[in-house]
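I opened a fresh notebook page for this structure. The entries below follow the order in which I looked things up.

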Amino acid sequence: DGELTFRLRGSERFGKMNLDWGMFGLPRPPMVFDQHFKVSSVAFCGRLDCNHGGKIFLPPSALHALTQLNISYPMLFELTGSNGVRTNAGVLEFTAEEGRCHVPYWMLQHLGVEENSIVRVRSTKLHLGKFAKLQPHSKTFLDISNPKAVLENALRSFSALTEGDTFTIDYNNSIYYINVLEVKGKDENMVEVPGVNAVTIVETDIEVDFAPPLDYEEP
């Protein structure tokens with residue numbers, strides 16, 4: 001098993017919104033963005049460079065709607081397939097065609113939906129990540145000269161981790177599958193929050209532990 005702690009600095013291009021001040025000078029509470037889109041992999045829009053991250057593409061109208069709703073930073077979304085399977089993601093760009101949402105292929109597989117299926121995209125707020133237990137599918141991932149550095153670099157393309165996800169890492173022309181076995185969250189005072197199954201990893205220190213790979217055999 002390996003363990004590491006590192007700081008992921010936020011790279012969200014779309015984040016802080018101006019507060020919408022209502023009556024009596026009090027800020028209005030954030031509203032919820034909740035829409036349905038036809039989903040397709042990022043290959044559909046020619047962005048294979050984003051295939052191994054954890055961020056999605058939404059249409060320009062979504063950005064307009066979000067600015068009206070006073071959505072808090074970082075922008076996080078819960079995606080739900082027609083079968084009820086869920087995951088969480090950040091947003092990379094608002095350049096998708098209207099009515100469409102582009103996601104990394106691993107996310108399409110996890111949701112159990114096909115290209116052009118309908119998914120629900122709902123804004124959400126997650127606790128900061130305190131701990132994550134990850135499991136490579138193959139022990140070859142741990143044979144990389146510095147798997148911790150590779151993982152840290154890969155997670156910079158993610159905004160959230162959700163228990164049950166299986167995401168992919170592309171390194172040296174090889175694809176590695178990683179299971180998210182467990183996450184723990186913390187509040188703004190760094191106190192652990194019980195009962196969390198998804199966390200944001202934007203601008204926070206998170207401790208990561210590797211479980212033995214799926215194909216590991218006792219010597």
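How many aromatic pairs does a search of the whole structure find? I noted first that the model is a predicted one. My search of the whole structure gave 7 aromatic pairs.

**Entry: a stacked pair**

I took up tryptophan 106 and phenylalanine 158, which form a stacked aromatic pair. Their distance is 6.2 Å centre to centre, with 25 degrees between the planes. A pair counts as stacked when the planes are under 30 degrees apart.

I then looked up where the two partners sit. Tryptophan 106 belongs to helix α2 (residues 105–111), while phenylalanine 158 is in the loop between α3 and β9 (160–162), so this pair ties together parts 52 residues apart in sequence.

Are the two partners buried or exposed? Tryptophan 106 has 3% relative accessibility and counts as buried. Phenylalanine 158, at 4%, counts as buried too. The cut-off for buried is under 20% relative accessible area.

**Entry: an edge-to-face pair**

Next I checked phenylalanine 141 and tyrosine 176. Their ring centres are 5.4 Å apart and their planes stand at 65 degrees, so I wrote the pair down as edge-to-face. Phenylalanine 141 is in the loop between β8 and α3, and tyrosine 176 is in strand β11, so the pair ties together parts that are 35 residues apart in sequence. I found phenylalanine 141 buried, with a relative accessible area of 0%. Tyrosine 176 is buried as well, with a value of 12%.

I also recorded one aromatic cluster, formed by Phe33, Phe37 and Phe77.

**Entry: the hairpin of β10 and β11**

Tyrosine 176 led me to the strand that holds it, β11. Strand β11 covers residues 174–186 and pairs with β10 in the antiparallel sense, over 6 bridges. I looked up one partner: phenylalanine 167 has isoleucine 178 in β11 as its bridge partner. The two strands form a hairpin with 2 residues between them. In the turn, asparagine 172 has a positive phi of about 50 degrees.

**Entry: pockets**

Which residues lie nearest the centre of the largest pocket? I listed Lys125, Leu126, Leu128, Glu188 and Thr200, out of 19 lining residues. Two elements, β8 (127–136) and β14 (204–210), give two or more residues to this lining. The volume of the largest pocket is about 400 Å³. I sorted its lining into 7 nonpolar, 5 polar and 7 charged residues.

The second largest pocket has a volume of about 260 Å³. I counted 15 residues in its lining, and Asp49, His52, Gly53, Ala154 and Ser157 lie nearest the centre. The elements giving two or more residues here are α3 (147–155) and β10 (166–171). Strand β10 is also the hairpin partner of β11 noted above. The lining of the second largest pocket divides into 6 nonpolar, 5 polar and 4 charged residues.

**Entry: proline 60**

Last, I looked up proline 60, which is placed in helix α1 (residues 60–69). What does proline 60 touch, leaving out residues up to four places away in sequence? I found Phe94, Ala96 and Glu98. Glutamate 98 is 38 residues from proline 60 along the chain, and their C-alpha atoms are separated by 7.3 Å. With a relative accessible area of 43%, proline 60 is partly exposed, because that class runs between the 20% limit for buried and the 50% limit for exposed.

Notes: Residues numbered from 1 in each chain as written. Predicted model: local features only at pLDDT ≥ 70, side-chain atom pairs only at ≥ 80, totals over all residues. Heavy atoms only, no water. Helix = DSSP H or I, 4+ residues; strand = E, 2+ residues; numbered from the N terminus. Buried < 20%, exposed > 50% of the residue type's maximum accessible area, 1.4 Å probe, protein only. Contact = heavy atoms within 4.5 Å. 1 Å grid on protein atoms, 1.4 Å probe; cavity = no way out; pocket = protein on both sides within 12 Å on 5 of 7 lines; lining within 4 Å. Points joined across faces, edges and corners; volume = space filled by probe spheres on them. Nonpolar A, V, L, I, M, F, W, Y, C, P; charged D, E, K, R; others polar. Pairing = 2+ DSSP bridges. Phe/Tyr/Trp six-rings, centres within 6.5 Å; stacked < 30°, edge-to-face > 60°.
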